[in-house]
Amino acid sequence: MRQEGREDGLGWKEGPCLSLVRYFVLDPDVGQLQYYLNEHNKSQRPPRGSLPLLGASVVSSDEFPHMFTIHSANADSYKLRASDAEEQRLWMTQLQLCSRRHSDSSAKDYLS
C-alpha cells in the first residue's frame, strides 16, 4: 500500500524462536525500513525498530513461502514474510530500489 510516498503494510518479522506480525514502513527519503508493533502505533517516534538500507541487499529465502531477507551494511538483518507472491515482489523491488538510490547518493557524495 502506498501512502505519502512511502510503502507500508503488515509483515511477519522472524525472531529467533517465533514469527511476529509487525507493521512496516519504508521511508525512501531517509533510506530506512521502520517497524511498529501495529498500524495504530505508526505515529510513535522513534519506531520500535529500524534498518538502514544504505548498502543493503534483499534476497529471497526458501525457509517459508513469500519470505525474504534484508541484510544491512551494518550486519543486521531482517527476515520478513509477505502475505503473497505479489506483495513479496513489490516489497523486494521497492527495498532494492531504495537501497540502490541511497548507495548511489552516498558514492556520489564521497567522490565529490
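Two strands are said to pair if DSSP finds at least two bridges between them. In this predicted model, strands E3 and E4 satisfy that condition, since they pair in the antiparallel sense over 5 bridges, and within this arrangement Tyr-23 stands opposite Tyr-36 in E4. The hairpin formed by E3 and E4 has 4 residues between the strands, and in it Gly-31 takes a positive phi near 75°. Strand E4 also pairs in the antiparallel sense with strand E5 (residues 49-52), here over 4 bridges, and the bridge partner of Gln-32 in E5 is Pro-52.

The surroundings of E4 were examined next. In a regular strand the side chains alternate between the two faces of the sheet. For E4, both faces are covered, with Gln-32, Gln-34 and Tyr-36 buried on one side and Leu-33 and Tyr-35 buried on the other. Because 5 of the 5 residues of E4 are buried, this strand is largely enclosed by the rest of the structure.

The largest nonpolar core comprises 16 residues, and those with the most contacts inside it are Leu-33, Phe-68, Ile-70 and Leu-95. At least two residues of this core are supplied by each of strand E3 (19-27), strand E4 (32-36), strand E7 (67-71), strand E8 (77-81) and helix H1 (85-111), and H1 gives the most, with 4 residues. When residues up to four places away in sequence are not counted, Ile-70 touches a set of residues that includes Leu-33, Leu-51, Leu-53, Val-58, Tyr-78, Leu-80 and Leu-95.

Aromatic pairs were considered separately, and the count comes to 2. The rings of Phe-24 and Tyr-35 have centres 5.8 Å apart and planes at 45°, so this pair is tilted; as Phe-24 lies in strand E3 and Tyr-35 in strand E4, the pair ties together parts that are 11 residues apart in sequence. The rings of Tyr-35 and Tyr-78, by contrast, have centres 5.7 Å apart and planes at 75°, so this pair is edge-to-face, and it ties together parts 43 residues apart in sequence, because Tyr-35 lies in strand E4 and Tyr-78 in strand E8. Ring pairs thus link Phe-24, Tyr-35 and Tyr-78 into a cluster. Phe-24 is buried, as are Tyr-35, with a relative accessible area of 12%, and Tyr-78, with 9%.

Outside these pairs, the charged end of Arg-81 sits over the ring of Phe-64, 4.8 Å from its centre. Ser-61, which lies in strand E6 (residues 57-61), counts as buried at 13% relative accessibility, and its side chain reaches the backbone nitrogen of Glu-63 at 3.3 Å.

Key. Residues numbered from 1 in each chain as written. Predicted model: local features only at pLDDT ≥ 70, side-chain atom pairs only at ≥ 80, totals over all residues. Heavy atoms only, no water. Core = buried A, V, L, I, M, F, W, Y, C linked by side-chain atoms within 4.5 Å. Buried < 20%, exposed > 50% of the residue type's maximum accessible area, 1.4 Å probe, protein only. Contact = heavy atoms within 4.5 Å. Polar contact = N/O pair within 3.5 Å; in protein donor to acceptor, adjacent residues only side chain to side chain. Phe/Tyr/Trp six-rings, centres within 6.5 Å; stacked < 30°, edge-to-face > 60°. Lys NZ or Arg CZ within 6 Å of the ring centre and 35° of its normal.
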